[in-house]
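Ready for some practice in reading a protein structure? Open the viewer, keep the sequence beside it, and try each task before reading its solution.

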Amino acid sequence: DIAGLSPPSDEELQAYLEEHMDSFHQEPQLSFKQVYLNSDKRGAGVNEAAQAMLAELAAAGPGADPESFGDPNMLPAEFPLYYVSDVEKIFGAAFAKGILEVEPGNWAGPVMSSSGLHLVFVRERIEGRDPELAGVREEVEREWTAKRRREFKEETYKKLRERYTIVIEEQEPPADDNKISTRRK
């Protein structure tokens with residue numbers, strides 16, 4: 001009876017967590033502002049414009065309003081805490097990697113994305129980490145329980161199969177009395 005499975009002990013959950021740490025690893029998170037520079041619009045001078053704008057943003061400090069700088073685009077100027085994988089989905093892998101290297105509290109860039117150049121201000125960065133059991137207990141217990149249920153079902157099916165013998169008998173194909181003869185005379 002699956003309902004009869006006893007709840008896991010802390011030791012069992014800790015062992016499961018350690019064995020499956022990749023599944024529970026918490027990736028880095030970032031909160032940031034971004035200013036977009038349209039490379040197509042600005043042409044060859046985009047890098048010089050980026051450096052000049054970066055100096056203006058640095059002088060304005062953390063309170064600089066990103067919407068009063070740069071070129072218009074469809075992306076928001078400010079991003080609350082996002083997982084790096086979500087940043088990558090929006091901006092591309094190069095941007096996500098580049099923004100991870102930006103020291104929080106300063107304007108930096110330009111950082112290349114799939115749509116162009118950006119100047120960024122990282123407000124907060126939470127490093128990726130392996131969690132403690134207390135922080136992911138519910139998820140670990142859910143996964144542990146699901147694994148135990150699968151094992152229980154497999155064992156139950158195995159025991160049931162041992163009690164039966166399956167025999168497959170081959171049959172002669174039925175005679176077809178309506179065959180048309182293809183012999184020539």
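The exercises below walk through a predicted model, one feature at a time.

**Exercise 1. Find the salt bridge that links helix α7 to helix α1, and classify its two partners as buried, partly exposed or exposed.**

Step 1. Look for the charged pair: the side chains of arginine 137 and aspartate 10 form a salt bridge, with 2.7 Å from N to O.

Step 2. Place the partners. Arginine 137 belongs to helix α7 and aspartate 10 to helix α1 (residues 10–19), so this pair ties together parts that are 127 residues apart in sequence.

Step 3. Check exposure. A residue counts as buried under 20% relative accessible area and as exposed over 50%, with partly exposed in between. Arginine 137 has 30% relative accessibility, so it is partly exposed. Aspartate 10 has 44%, so aspartate 10 is partly exposed as well.

**Exercise 2. Work out which parts of the chain the salt bridge between arginine 42 and aspartate 71 ties together.**

Step 1. Start with the distance: the two side chains meet at 2.8 Å, N to O.

Step 2. Locate each partner. Arginine 42 sits in helix α3 (residues 39–42), while aspartate 71 sits in the loop between α4 and β2, so the bridge joins parts that are 29 residues apart in sequence.

Step 3. Sort them by exposure. Arginine 42 has a relative accessible area of 29% and is therefore partly exposed. Aspartate 71, at 8%, counts as buried because the limit for that class is under 20%.

Step 4. Widen the view. Lys41, Arg42 and Asp71 are linked in a network of salt bridges. A search of the whole structure finds seven salt bridges. Another of them pairs arginine 125 with glutamate 127, whose closest N and O atoms are 2.9 Å apart.

**Exercise 3. Describe the largest nonpolar core and the surroundings of one of its members, isoleucine 99.**

Step 1. Count and name: the core has 14 residues, and Phe32, Val87, Phe95 and Ile99 touch the most other members.

Step 2. Ask where the residues come from. At least two are supplied by each of β1 (29–37), α5 (84–91), α6 (93–100), β3 (107–112) and β4 (117–126).

Step 3. Zoom in on isoleucine 99. Leaving aside neighbours within four places in sequence, isoleucine 99 is in contact with Leu30, Phe32, Val87, Val111, Val120, Val122 and Arg125.

Step 4. Look beyond this core. Apart from it lies another core, of 13 residues, including Leu37, Leu54, Leu57 and Phe69.

**Exercise 4. Follow helix α7 and note its bend, its buried residues and its surface patch.**

Step 1. Trace the axis: α7 has a kink of about 40°, centred on glutamate 139.

Step 2. Pick out the buried residues, which are Leu133, Val136, Val140 and Trp144. These buried residues pack against α1 and α2 (21–24).

Step 3. Turn to tyrosine 157, also found in helix α7 (residues 133–162). Tyrosine 157 has 49% relative accessibility, so it counts as partly exposed.

Step 4. Find its patch. Tyr157, Leu160 and Tyr164 make a nonpolar surface patch of about 350 Å².

**Exercise 5. Compare the settings of three prolines: 66, 104 and 110.**

Step 1. Begin with proline 66, in the loop between α4 (46–60) and β2 (78–83). Its relative accessible area is 3%, so proline 66 is buried.

Step 2. List the contacts of proline 66. Not counting residues up to four places away in sequence, proline 66 touches Lys33, Gln34, Val35, Ala77, Glu78 and Trp107. Proline 66 and valine 35 are 31 residues apart in sequence, and their C-alpha atoms are 5.5 Å apart.

Step 3. Move to proline 104, in the loop between α6 and β3. With 27% relative accessibility, proline 104 counts as partly exposed. Proline 104 touches Val122, Arg123 and Arg125, again not counting residues up to four places away in sequence.

Step 4. Finish with proline 110, in strand β3. The peptide bond leading from glycine 109 to proline 110 is cis, with omega near 0°.

Note on methods
Residues numbered from 1 in each chain as written. Predicted model: local features only at pLDDT ≥ 70, side-chain atom pairs only at ≥ 80, totals over all residues. Heavy atoms only, no water. Patch = residues over 30% accessible without salt bridge, like charges linked within 9 Å, V, L, I, M, F, W, Y side chains within 5 Å. Areas by Shrake-Rupley, 256 points an atom, 1.4 Å probe, with all protein chains shown as cover. Salt bridge = Lys/Arg side-chain N within 4 Å of Asp/Glu carboxyl O. Helix = DSSP H or I, 4+ residues; strand = E, 2+ residues; numbered from the N terminus. Buried < 20%, exposed > 50% of the residue type's maximum accessible area, 1.4 Å probe, protein only. Contact = heavy atoms within 4.5 Å. Core = buried A, V, L, I, M, F, W, Y, C linked by side-chain atoms within 4.5 Å. Bend = angle between axes of the 7 residues up to and from the residue.
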